[in-house]
Amino acid sequence: MKKTLVLGATDNPSRFAYKAIHRLQQHGHEVVPVGIRKGEVGGQPIITDKSQKVEGIDTVTLYVGPQNQPTWYDYIISLQPKRIIFNPGTENRELEQMAEDAGIETMHHCTLVMLASSTY
């Protein structure tokens, strides 16, 4: 199973990040919810402090638009995940290049579709 950090986590059930967290858990993946507002999702508190480092992240899946990503660049790269999934609407060539330069695989895909099709 892949330890996954969901960036853009929210306790709002209508948001895709919320749905992804629950679906990842249903598939047995350990989830680390990270966002800008405190709350709880999937039985876990949403981490809002960028100084809180998380070890062993396999995948970062993005639910933050490109205009709001620059403040997260250093945090994401510092996690040294194996891959970053740019979900629809989160595509960002600048972050993608930074990740590739750091040896991190990037992909444009939908986490929910990947889980549904067993390609996660």
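**Fold, pocket and selected residues of the predicted model**

Over residues 2-115 the chain is 27% helix and 21% strand, and the C-alpha atoms at the two ends of this stretch lie 12 Å apart. The structure described here is a predicted model. According to an unreviewed UniProt entry, residues 2-115 are covered by the annotation "domain: CoA-binding".

Helix α1 spans residues 16-26, and its buried residues are A17, A20, I21 and L24. When the helix is viewed down its axis, these buried residues fall within an arc of 100°, and they therefore line one face of α1. The elements against which the buried residues of α1 pack are three strands, namely β1 (4-7), β2 (31-34) and β3 (40-41), together with the helix α4 (111-116). Just after α1 comes G28, which takes a positive phi of about 85°.

The largest pocket holds about 580 Å³ of space. Of the 25 residues that line this pocket, the closest to its centre are G8, R15, A17, Y63 and V64. A17 thus appears in two settings, since it is one of the buried residues of α1 and is also among the lining residues closest to the centre of the largest pocket. In chemical terms, the lining of the largest pocket divides into 12 nonpolar, nine polar and four charged residues.

Two buried residues illustrate the surroundings of a strand and of a loop. L7 is found in strand β1, and with a relative accessible area of 1% it counts as buried, because the cut-off for that class is under 20%. When neighbours within four places in sequence are left aside, L7 is in contact with V34, T61, L62, Y63, V64, W72 and I76. From L7 to G39 there are 32 residues in sequence, and the C-alpha atoms of the two are 14 Å apart in space. Q69, by contrast, lies in the loop between β5 (59-62) and α2 (73-78). Although placed in a loop, Q69 is buried, with a relative accessibility of 0%. Residues up to four places away in sequence not being counted, Q69 touches L62, V64, F86, T90, N92 and L95. L62 and V64 therefore appear in the contact lists of both L7 and Q69, and V64 is also one of the lining residues closest to the centre of the largest pocket.

A loop residue with an exposed position is G43, which is placed between β3 and β4 (44-45) and has a relative accessible area of 64%. G43 and Y75 are separated by 32 residues in sequence, and their C-alpha atoms lie 23 Å apart in space.

Backbone geometry sets two further residues in view. Most residues other than glycine have a negative phi. Q80, however, is a residue other than glycine with a positive phi, near 50°. Q80 is found in the loop between α2 and β6 (83-86), where it is partly exposed, with a relative accessible area of 45%. S118 is likewise a residue other than glycine with a positive phi, in this case near 55°. S118 lies in the segment after α4, and its relative accessible area of 71% makes it exposed.

Note on methods
Residues numbered from 1 in each chain as written. Predicted model: local features only at pLDDT ≥ 70, side-chain atom pairs only at ≥ 80, totals over all residues. Heavy atoms only, no water. UniProt positions renumbered as here; feature names shortened; annotations may be inferred. Helix = DSSP H or I, 4+ residues; strand = E, 2+ residues; numbered from the N terminus. Buried < 20%, exposed > 50% of the residue type's maximum accessible area, 1.4 Å probe, protein only. Arc of directions from axis to C-beta. Contact = heavy atoms within 4.5 Å. 1 Å grid on protein atoms, 1.4 Å probe; cavity = no way out; pocket = protein on both sides within 12 Å on 5 of 7 lines; lining within 4 Å. Points joined across faces, edges and corners; volume = space filled by probe spheres on them. Nonpolar A, V, L, I, M, F, W, Y, C, P; charged D, E, K, R; others polar.
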